[in-house]
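Hi everyone, thanks for coming. I'd like to walk you through one model today, so please have a look at it on the screen.

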Amino acid sequence: LIEASEVRQQRELALHIAEVVRDVDQQRRADWTRIQAGFGRLEDLTGAGMAQQREMLNYLVRTSQKTVR
């Protein structure tokens, strides 16, 4: 009777551990998705900022060439 109870408890513990591992894995995947989305937004903002700087630099180069001539 005791042995059967211990076997049942071990099975229940194994099930609970499997559930915890599954939950942690799901949370890890959700966190990774959020992190990737954040990096994507950051890349978009950085790219837009670089484009603005490049545009301004090109404008300054064109303007300076006009005044030198």
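Let me start with a small puzzle: does Glu12 count as buried, partly exposed or exposed, and at what relative accessibility? Glu12 counts as partly exposed, because its relative accessibility is 41%. Before I go on, please keep in mind that this is a predicted model.

Let's stay with Glu12 for a moment. Its side chain meets that of Arg8 in a salt bridge, at 3.9 Å from N to O. Glu12 and Arg8 are 4 residues apart in helix H1, so about one helical turn separates them. And the partner? Arg8 comes out at 45% relative accessibility, so Arg8 is partly exposed too.

Now let's zoom out to the whole chain. The secondary structure comes to 1 helix and 0 strands. The radius of gyration is 30 Å, well over the 11 Å that the globule rule gives for 69 residues, so the chain is more spread out than a compact globule. You can see that in the C-alpha trace, which spans about 100 × 10 × 5 Å along its principal axes. Helix H1 itself covers residues 2–68.

What share of the 69 residues is buried? The answer is 0%. Buried here means under 20% relative accessible area. The accessible surface of the chain comes to about 6700 Å², and 60% of that belongs to carbon and sulfur atoms.

On to charges. The chain carries 11 positive and 10 negative side chains, and the centres of those two sets lie 17 Å apart. The salt bridge count comes to 5, and I'd like to show you some others besides the pair we began with.

Take Arg28, which forms a salt bridge with Asp25, with the closest N and O atoms 2.6 Å apart. Arg28 and Asp25 both lie in helix H1, 3 residues apart, which is about one turn of the helix. At 48% relative accessibility Arg28 counts as partly exposed, and Asp25, at 25%, also counts as partly exposed. This pair has company: Asp25, Arg28 and Arg29 are linked in a network of salt bridges.

A little further along, Asp31 forms a salt bridge with Arg34, and here the closest N and O atoms are 2.4 Å apart. Asp31 and Arg34 are again 3 residues apart in helix H1, about one turn. Asp31 is partly exposed, with a relative accessibility of 29%.

Now for the nonpolar side of the story. Which residues make the nonpolar surface patch of about 440 Å²? They are Trp32, Ile35, Phe39 and Leu42. Let me pick out Phe39, which sits in helix H1. Why does Phe39 count as exposed? Its relative accessibility is 53%, and exposed means over 50%.

Next door in the numbering is Gly40, whose place is in helix H1 as well. Gly40 is partly exposed, with a relative accessible area of 23%. Here is a nice one to try on the screen: find the C-alpha atoms of Gly40 and Asp25, which are 15 residues apart along the chain, and you'll see a separation of 22 Å.

So, to recap: we have 1 helix and 0 strands, 5 salt bridges, and a nonpolar surface patch made by Trp32, Ile35, Phe39 and Leu42. Thanks for listening!

How values were computed: Residues numbered from 1 in each chain as written. Predicted model: local features only at pLDDT ≥ 70, side-chain atom pairs only at ≥ 80, totals over all residues. Heavy atoms only, no water. Patch = residues over 30% accessible without salt bridge, like charges linked within 9 Å, V, L, I, M, F, W, Y side chains within 5 Å. Areas by Shrake-Rupley, 256 points an atom, 1.4 Å probe, with all protein chains shown as cover. Salt bridge = Lys/Arg side-chain N within 4 Å of Asp/Glu carboxyl O. Helix = DSSP H or I, 4+ residues; strand = E, 2+ residues; numbered from the N terminus. Buried < 20%, exposed > 50% of the residue type's maximum accessible area, 1.4 Å probe, protein only. Rg over C-alpha atoms; globule rule 2.2 N^0.38 Å. Lys, Arg positive; Asp, Glu negative; His and termini not counted. Charge placed at Lys NZ, Arg CZ, Asp CG, Glu CD.
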